[in-house]
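Here's a quick tour of the side-chain chemistry in this model, with charges up front, then rings, then one helix and its surroundings. Keep the viewer open as you read.

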Amino acid sequence: MNIDGVFSGGGIKGFALIGAFEEIESRGLQFVRLAGTSAGSIIAALIAAGYTSKEMYQLVDELDLSQMLDARKTFIPSKIAKWLLLYWKLGLYKGNELEKWIKGMLEKKGLRTFSDLPPQTLRVVVSDLSNGQMAVLPDDLERYGISPGSFSIAKAIRMSCSVPYFFEPVKMRSYDGLNIIVDGGVLSNFPMWLFDKENIKKVRPVLGIKLSPSEQEHEKHKISNGIEMFGALFETMKDAHDARYISRKHAQNIIFIPSKEVISMEFHLTEEQKRQLFELGRNHARQFLNQWSY
């Protein structure tokens with residue numbers, strides 16, 4: 001059966017999305033349109049490229065995640081350099097290695113730009129800090145004076161994965177100057193609204209895969225210091241927009257995968273941790289699909 005799919009952000013927890021995809025795949029469900037934010041955009045793009053869950057897991061499993069942490073070289077002592085990089089470059093790591101890896105994986109399947117995919121097959125959410133608004137790529141590229149079909153898929157995904165202060169933002173030139181683009185999760189970490197809107201008949205069933213507990217199971221943030229407040233602020237910022245769209249009706253079409261034991265930006269997972277995340281995603285998908293009424 002054909003369906004549309006939405007994958008949430010969640011950093012390194014994306015291993016769980018692959019596990020969920022394996023279970024979805026085993027049920028004979030095939031994605032026609034896909035959307036994602038941050039880590040979810042990577043999984044959505046690989047599915048759109050034609051990768052199976054087995055191939056996907058092998059690709060990510062063989063990847064040395066620490067290579068993605070491509071800090072700029074400097075002769076300044078490391079502790080001082082980190083603060084300077086945050087100030088001048090707006091991020092600790094460049095993000096070039098991440099884009100390079102994604103580009104290589106997509107090119108193996110013949111994908112470079114959005115024109116290599118059927119229209120509306122893949123949509124990626126990013127946050128435009130310069131204009132203070134969300135952008136959906138490739139749909140919104142025209143308003144920047146950029147031809148949607150000519151834009152690099154890998155570049156769009158890198159933009160969506162540019163976690164503020166962790167990866168350097170992407171600077172995108174347009175007809176009105178320079179735009180600073182960061183992680184789509186800042187404004188919409190789970191763009192279910194792209195395919196499942198109130199009072200509009202869906203083209204086909206829409207299935208969401210979200211790396212968090214359901215709203216009813218969401219734990220209250222514990223805030224006792226500045227760091228915890230920043231964490232709660234970022235989590236609230238990511239989830240508040242999408243929470244408005246996840247009604248009880250929508251929740252019936254979402255696989256929630258709680259994974260609080262793993263930190264999103266932990267790039268040194270053991271093989272056991274990777275496997276546990278994969279199994280976590282697959283088990284939650286199995287439980288959900290056993291009773292999904294689409």
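Salt bridges come to 16 here, counting a side-chain nitrogen of Lys or Arg within 4 Å of a carboxyl oxygen of Asp or Glu. Side chains of opposite charge can pair when their charged atoms come close. Before going on, note that this is a predicted model, where local features need pLDDT of at least 70 and side-chain atom pairs count only at pLDDT 80 or more, while totals for chains, interfaces and linings use all residues. Residues are numbered from 1 along each chain as its sequence is written, and side-chain values use heavy atoms, with hydrogens and water left out.

Three of the bridges are laid out below.

| Acid | Base | Closest N and O atoms |
|---|---|---|
| Asp4 | Arg204 | 3.0 Å |
| Glu99 | Arg158 | 2.7 Å |
| Glu107 | Arg112 | 3.7 Å |

Take the salt bridge between Asp4 and Arg204, at 3.0 Å. Asp4 sits in strand E1 (residues 2-7) and Arg204 in the loop between strand E8 (177-183) and strand E9 (206-210), so this pair ties together parts that are 200 residues apart in sequence. Those labels come from DSSP runs, numbered from the N terminus: helices (H or I) need at least four residues and strands (E) at least two. How accessible are the two partners? Asp4 is buried at a relative accessible area of 0%, while Arg204 is partly exposed at 22%. For the cut-offs, buried means under 20% relative accessible area, exposed means over 50%, and partly exposed is in between (1.4 Å probe, protein chains only).

The salt bridge of Glu99 with Arg158 has an N to O distance of 2.7 Å. It links distant parts of the chain, with Glu99 in helix H5 (residues 96-107) and Arg158 in helix H6 (residues 153-160), 59 residues apart. Here Glu99 is buried, with a relative accessible area of 13%, and Arg158 counts as buried too, at 7%.

Then there's Glu107 with Arg112, whose closest N and O atoms are 3.7 Å apart. Glu107 is partly exposed at 29% relative accessible area, and Arg112 is partly exposed at 49%. Elsewhere, Glu22, Arg275, Glu279 and Arg282 are joined into one network by salt bridges that share partners.

One member of that network deserves a look of its own. Arg282 is part of helix H9 (residues 271-289). Its side chain makes a polar contact of 2.6 Å with the side chain of Glu279. A polar contact is a pair of N or O atoms within 3.5 Å; within protein, one must be able to donate a hydrogen and the other to accept it, and residues adjacent in sequence count only if both atoms are side-chain atoms. Setting aside neighbours within four places in sequence, Arg282 is in contact (heavy atoms within 4.5 Å) with Gly19, Ala20, Glu22 and Glu23. The C-alpha atoms of Arg282 and Ile257 are 9.3 Å apart, with their positions 25 residues apart along the chain.

Where does Glu23 lie? It's in helix H1, and at 7% relative accessibility Glu23 counts as buried. Glu23 and Arg27 are joined through their side chains by a polar contact of 2.9 Å. Not counting residues up to four places away in sequence, Glu23 touches Arg282, Ala285, Arg286 and Leu289.

Now the rings. How many aromatic pairs are there? The count is seven, where rings of Phe, Tyr and Trp (its six-membered ring) pair if their centres lie within 6.5 Å, with planes under 30 degrees apart counted as stacked, over 60 as edge-to-face and the rest as tilted. Phe15 and Tyr57 make an edge-to-face pair, 6.1 Å centre to centre with 70 degrees between the planes. Phe15 lies in helix H1 (residues 15-26) and Tyr57 in helix H3 (residues 53-62), so the pair ties together parts that are 42 residues apart in sequence. Both Phe15 and Tyr57 are buried.

Phe166 and Phe167 have ring centres 5.1 Å apart and planes at 90 degrees, so this pair is edge-to-face. Phe166 is buried at 16% relative accessibility, and Phe167 is buried at 4%. Phe7, Phe21 and Phe31 form one aromatic cluster.Charges sit over rings as well (NZ of Lys or CZ of Arg within 6 Å of the ring centre and within 35 degrees of the ring normal). Arg275 lies over the face of Tyr57, 4.8 Å from the ring centre.

Finally, helix H2 (residues 39-49) has 11 of its 11 residues buried, so it is largely enclosed by the rest of the structure. Just after H2, Gly50 takes a positive phi of about 105 degrees.
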